[in-house]
Structures are given as C-alpha cells and as structure tokens.
Amino acid sequence: MTLNQNPHLRASKTAVLLLNLGTPAAPTAKAVRSYLKEFLSDPRVVEIPRFIWWFILNGIILPIRSSASAKKYASIWLPQLGSPLMHYSRLQAKELGEKFANEGHTVLVDLAMRYGKPSAQEVLESLKAQGMERLLLLPLYPQYSATTTASSFDEVFRVLSTWRDQPELRLVKHYHDNPAYIAALRDQVLSHWDQDGRPDFAKGDRFVMSFHGLPKRNLMQGDPYHCECLKTGRLLGESLGLEPGQYIVTFQSRFGKAEWLKPYTALTIENLAKDGCQRVDIFCPGFPADCLETLEEIAMEARESFLEHGGKDYRYIPCLNNNPKWIEALRDIAYQHLLGWSLGAESEAELAKRNERATLAEKSKS
C-alpha cells in the first residue's frame with residue numbers, strides 16, 4: 001500500500017463548516033415547491049402532529065404557495081449569480097478561508113445548507129476526503145433557535161452517525177452578543193449613514209431592527225431566540241449611540257393564524273407612517289446574508305406599505321453580506337472555538353516518516 005492509498009496516513013486537518021438555511025435552486029414553482037417541502041417537513045420548524053401537518057402541507061400550502069413564492073424569488077434573483085443567499089454565503093466561506101490562509105493556517109472552510117444544496121451530506125464527505133479530523137460547526141444564525149441552529153446540528157449529527165471514523169466536533173451555539181459581531185453590524189449601519197445621511201431622530205425618524213419571527217409558543221417552551229434578538233438589538237443600539245425609543249426591535253415573516261413574536265415588523269412600519277414618521281431606516285441584524293426575507297419582504301413590501309400610509313423616506317440597509325468587518329468577526333468567532341486545535345497540516349515528509357514507522361512496526365510483528 002502506498003502512502004496516498006493508506007487511509008490512516010493522510011494529513012489531518014481542521015475544518016470550519018458554515019451552516020445556513022438554504023434556498024431554492026431556481027426561481028421556479030417546481031424548485032420552490034421542492035425546497036418548501038423539505039423545509040416545512042422538518043419537525044423542528046413546524047411542531048404540529050405529523051399526520052395533520054402532512055395533509056395541510058401537501059394539500060394546501062405547497063399547491064398555493066409554490067407559484068406565489070417563485071414570483072417573489074424571481075424579483076430578487078441576481079443576474080448570472082442566482083440566489084442572493086447562496087451567493088453571499090459562498091462569498092463568506094471563500095473569504096473566511098482566504099483569511100485563514102493569509103494568516104498562515106491550513107484550515108478547510110466550506111458551506112452547507114440545511115435544506116437543498118449543497119447538503120451537509122455531500123459537504124461533509126468532501127471534507128472527509130480532504131483529511132478532516134477536527135470539525136467546527138459555525139452556523140450563520142447569530143441568535144440560537146431550535147428551528148435553525150438545532151435543526152442544522154441535527155442534520156450534521158445524522159450524517160456523522162453513519163461514519164465509522166468520526167472527527168472531533170465542536171459547535172458554536174450562538175454569538176448574538178459577540179463584540180466582533182456587534183462591531184460588524186455597527187460598521188454596516190454607519191457606512192450606510194456616512195453615505196446617505198443619519199436619521200434625524202429629533203424630528204421623529206426611527207431606526208428599525210427586524211428579526212425573523214417565530215411563533216410565541218416557541219418562546220414559552222424555552223427557545224432563547226427572542227431574548228437573544230432583544231440583546232443584539234440593545235447592544236447595536238448602544239454601539240450606535242442611540243437612545244431607547246430611537247430604535248425599535250421587531251419581528252417579521254409571520255405565517256399562519258397563531259400569535260408570533262411581537263411587535264410585528266409590517267404593522268410597526270405601517271403605524272410609524274400613520275403616526276407621522278417621515279423617515280425609517282431598517283436593518284436585519286439576524287440575517288448575515290441578504291435573502292428573500294430581506295430583499296423582497298423588507299426592502300420591497302415594507303417600503304411600499306410605509307409610503308402608502310404616509311411615510312416619505314424609507315431606507316433599507318443591506319445585510320452584512322461580505323463586509324470585511326463581518327469576515328473578521330467570523331474569523332474571531334472561529335478562533336475562539338478552535339483553541340487547542342492544530343491549524344496546520346502535516347507535510348509530506350512528516351507523513352513519510354509516519355509511514356516508515358508504521359511499516360517497521362508491521363515488520364516487527366511478523
């Protein structure tokens with residue numbers, strides 16, 4: 001057996017796997033239906049008895065929502081680049097890997113989606129083939145929720161449960177109050193204000209921070225997501241020098257008739273306009289990459305509502321995307337959880353020595 005053929009004699013490497021939710025492969029009804037079916041079939045996402053939910057999902061939601069959602073995806077699809085979420089998530093993985101390399105480290109960095117492609121299965125198999133022996137899971141969900149973070153971890157655990165030789169494993173549960181993350185958010189907002197002007201809070205302008213919503217039931221059953229969103233909002237507001245009342249934390253994307261986390265973003269935007277607020281600046285701190293929920297729901301739908309109800313100036317601040325401060329924050333967060341692990345790889349000479357020792361050991365047994 002040659003050195004390259006021996007599975008026990010390959011360079012062991014550390015890997016950082018970024019985890020995000022996912023996106024349809026194309027802005028078509030067929031692709032969206034496939035994506036929604038996988039997403040909404042996850043019991044972490046919809047906690048309704050399976051036999052009841054199956055009929056609701058397949059008989060009502062998928063037939064009705066697939067075409068409507070496809071039109072929304074088409075409105076935000078990037079020419080030649082495709083899904084914004086996929087484009088920016090891949091950029092984040094690429095630039096994080098480059099940052100490690102520029103700092104002299106050999107760290108594998110890749111991206112997996114919880115639903116759709118690239119799947120955790122295929123990415124983990126690829127990392128394994130490259131010599132991964134140590135794995136850090138870094139979700140692109142700053143605020144922990146069972147519906148996102150835990151579900152992504154579940155899928156990785158499911159894949160690893162089939163492996164004979166599993167890697168060492170570490171998890172980043174959340175980083176909603178991490179100073180580097182808050183600094184990146186602050187930089188994104190201030191860059192926008194430096195370019196377009198700061199809101200005049202004395203005249204009633206407001207800064208809205210919109211997070212993805214969850215059913216209130218999740219909060220009551222112990223999900224910490226709501227509290228972590230509020231803390232992120234408070235820390236960002238303080239870092240921007242804002243007073244309570246100048247900024248508002250809201251929750252978007254409500255679905256169904258059940259009560260969700262409040263205040264609702266859509267209703268807040270409408271009421272601000274009705275109450276005479278002339279300018280709203282809105283930002284989505286919980287979304288590291290722009291996606292359907294930010295570009296269509298917030299940048300388009302909410303703008304239309306604000307202007308229709310009397311508002312004059314609506315300004316959407318893009319997500320972190322590939323802001324250099326955000327890539328630095330990802331690096332800092334990863335480093336905190338990589339302590340004690342090797343960030344290099346064995347050289348061919350070191351592997352050859354290992355192979356030689358192994359060969360001698362085998363001969364001594366015979």
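This report walks through a few features of a predicted model, from its strands to its surface.

## Two strands and a helix

Let's start with strands β7 and β8. Strand β7 covers residues 279–283, and five bridges join it to β8, with the two strands running parallel. One place to look is Val280, which stands opposite Tyr314 in β8. Add helix α10, residues 292–308, and you get a right-handed β-α-β unit made of β7, α10 and β8.

Is β8 mostly enclosed or mostly open? Four of its five residues (the strand spans 313–317) are buried, so β8 is largely enclosed by the rest of the structure.

## Another strand: β5

Now hop over to strand β5, residues 206–212, where you'll find Phe211. With a relative accessible area of 0%, Phe211 counts as buried because the cut-off for that label is under 20%.

Phe211 also shows how the fold can bring distant parts of a chain into the same area. Thr265 is 54 residues away from Phe211 along the chain, but their C-alpha atoms are separated by 8.4 Å.

## Charged partners

How many salt bridges are there? The count comes to 18. Take Lys94 and Glu98 as one example: their closest N and O atoms are 2.8 Å apart. These two sit four residues apart in helix α3 (residues 84–102), which means about one helical turn separates them. Lys94 is partly exposed, with a relative accessible area of 48%, and Glu98 is partly exposed too, at 36%.

Another salt bridge links Asp200 and Lys203, with the closest N and O atoms 4.0 Å apart. Asp200 is partly exposed, at 31% relative accessible area, while Lys203 counts as exposed at 68%. Then go back to strand β7, residues 279–283, for the salt bridge between Asp281 and Arg279. In that pair, the closest N and O atoms are 2.7 Å apart, and both residues are buried. Salt bridges can also link up by sharing partners: Asp42, Arg114, Glu155 and Arg158 are joined into one network that way.

## Cysteines without disulfides

If you go hunting for disulfides here, you'll come back with zero. Look at Cys227, for instance: the nearest cysteine sulfur belongs to Cys229 and is 9.2 Å away, and Cys227 is in no disulfide. What about Cys319? Its nearest cysteine sulfur is that of Cys284, at 5.3 Å, and Cys319 is in no disulfide either. Why don't these distances count? A disulfide needs the two sulfur atoms within 2.5 Å, so 9.2 Å and 5.3 Å don't qualify.

Which of these two cysteines is buried, and which is partly exposed? Cys227 is partly exposed, at 47% relative accessibility, whereas Cys319 is buried, with a relative accessible area of 1%.

## A nonpolar patch on the surface

To finish, turn to the outside of the model. Which residues make the nonpolar surface patch of about 280 Å²? They are Ile48, Phe51 and Ile52.

Zoom in on Ile48, and you'll see that it lies in the loop between helix α1 (29–40) and helix α2 (50–76). Its relative accessibility is 33%, so Ile48 counts as partly exposed.

Technical notes
Residues numbered from 1 in each chain as written. Predicted model: local features only at pLDDT ≥ 70, side-chain atom pairs only at ≥ 80, totals over all residues. Heavy atoms only, no water. Patch = residues over 30% accessible without salt bridge, like charges linked within 9 Å, V, L, I, M, F, W, Y side chains within 5 Å. Areas by Shrake-Rupley, 256 points an atom, 1.4 Å probe, with all protein chains shown as cover. Salt bridge = Lys/Arg side-chain N within 4 Å of Asp/Glu carboxyl O. Buried < 20%, exposed > 50% of the residue type's maximum accessible area, 1.4 Å probe, protein only. Pairing = 2+ DSSP bridges. Right-handed = clockwise from strand over helix to strand, strands pointing away.
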